[in-house]
Amino acid sequence: MGNKQVKQHFETAQKTGVLKISQMRLDEFPSALKAFPNVLKTLDLSENRFSELPTDLGKFTILKHLNVAGNRLSSIPEVIGVLVKLETVNAMNNLIVRIPQELSQCKNLKQLHLSNNQINEFPTMVCGLKQLDLLDLSRNKITSIPHAVGSLQVTELNVNQNQISDVSENIAQCPKLKTFRIEENCLQATPALSKIMKDSQICNLSVDGNLFSSKAFAELEGYDAYMERYTAARRKIF
């Protein structure tokens, strides 16, 4: 970390609040960062070799954007709950199994990217986050979407390429959900899917690659109601 280029990154960051030290093959938190003043609003540690993030991360209490994508992380540290001004977290392409309950304290979070990890349970602690607009859990190992999903505030939920065989019909209660991507899972054409189509606000439902045909999908109760919303949404776009 002693080269001139990295030193310049740190000097610039003290003025701009933006520090990008991606693709540098780092496997531990730089000592210079541990002693860094609390001025960062954007921290990009992506495409390195971190297996964990230290508690020192909690000192950056005005941080809004955190990018740790493309590392070797198996978890997100509990200290993330201190970073209450966070708006975006990108932790895709890691080995994350567990999401800490403390994430529920990040009340300003708008986007959470967790694609391509090892998560096997739906992270219900994010369901009460009122600012959360996008939740990407695609390419994980989730097997079900629980009843708690009814309080999820997002407009887009992506759970493509998991192992989901069970979706709570409570997802129809999500007040803002417009786009629901659940392609390439283990879903059957069930009454719960009918209720989601009939009673939800969803106008973009992607279900290809599940355990039913397009014909069976179109024959479900609620399909016509869903298609009305879908068509209306397309008209607004064009």
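1. K198 and E221 form a salt bridge, with their closest N and O atoms 3.3 Å apart. K198 sits in helix α3 (residues 191–199), whereas E221 sits in the loop between α4 (214–218) and α5 (223–237), so the pair ties together parts that are 23 residues apart in sequence. The two ends differ in label. K198 is partly exposed, at a relative accessible area of 40%. E221 counts as exposed, at 54% relative accessibility. Note that this is a predicted model.

2. Stay with α3 for its buried residues. A192, L193, S194, I196 and M197 are buried in this helix. What covers them? The cover over the buried residues of α3 includes β9, β11 (204–206), α4 and α5. Thus both strands and helices are listed in that cover.

3. How many salt bridges does the structure hold? The count is five. The K198–E221 pair is one salt bridge; two others are taken up in the next points. Side chains of opposite charge can pair when their charged atoms come close.

4. E156 and R181 meet through their side chains in a salt bridge, at 3.0 Å from N to O. Here both partners are in strands: E156 lies in β8 (residues 156–158) and R181 in β10, so this pair ties together parts that are 25 residues apart in sequence. E156 is partly exposed, with a relative accessible area of 24%. R181 also counts as partly exposed, at 25% relative accessibility.

5. K110 forms a salt bridge with E87, and the closest N and O atoms are 4.0 Å apart. The cut-off for this class is 4 Å. Both residues are in loops. K110 is between β4 (88–90) and β5, and E87 is between β3 (65–67) and β4, so parts 23 residues apart in sequence are tied together. K110 counts as partly exposed, with 38% relative accessibility.

6. Now the sheet. Nine strands make an open sheet in the order β1-β2-β3-β4-β5-β6-β8-β10-β11, and the pairing is parallel. Which strands stand at the edges? They are β1 (18–20) and β11; each has a single partner strand, so one side of each is left without a neighbour in the sheet. From one strand to the next, the twist averages 5°. In the strand order, β8 and β10 are adjacent. These are the strands that hold E156 and R181, respectively.

7. One strand pair can be checked in detail. β3 and β4 run parallel and are joined by three bridges. H65 stands opposite T88 in β4. Strands of a sheet pair through backbone hydrogen bonds, either parallel or antiparallel.

8. Is H113 buried or exposed? H113 lies in strand β5 (residues 111–113). Its relative accessible area is 18%, so H113 is buried, the limit being under 20%. Beyond its neighbours within four places in sequence, H113 is in contact with V89, N90, A91, M92, L134 and D136.

9. Last, a loop residue. N170 is placed in the loop between β9 (166–167) and β10 (179–181). A polar atom of the N170 side chain lies 3.1 Å from the backbone oxygen of H147. Which residues does N170 contact, leaving aside its neighbours within four places in sequence? They are H147, V149 and G150. H147 therefore appears twice for N170: in the contact list and, through its backbone oxygen, at 3.1 Å from the side chain.

Notes: Residues numbered from 1 in each chain as written. Predicted model: local features only at pLDDT ≥ 70, side-chain atom pairs only at ≥ 80, totals over all residues. Heavy atoms only, no water. Helix = DSSP H or I, 4+ residues; strand = E, 2+ residues; numbered from the N terminus. Buried < 20%, exposed > 50% of the residue type's maximum accessible area, 1.4 Å probe, protein only. Contact = heavy atoms within 4.5 Å. Polar contact = N/O pair within 3.5 Å; in protein donor to acceptor, adjacent residues only side chain to side chain. Pairing = 2+ DSSP bridges. Axes fitted to C-alpha atoms, helices over the stretch in contact; angles between N-to-C directions.
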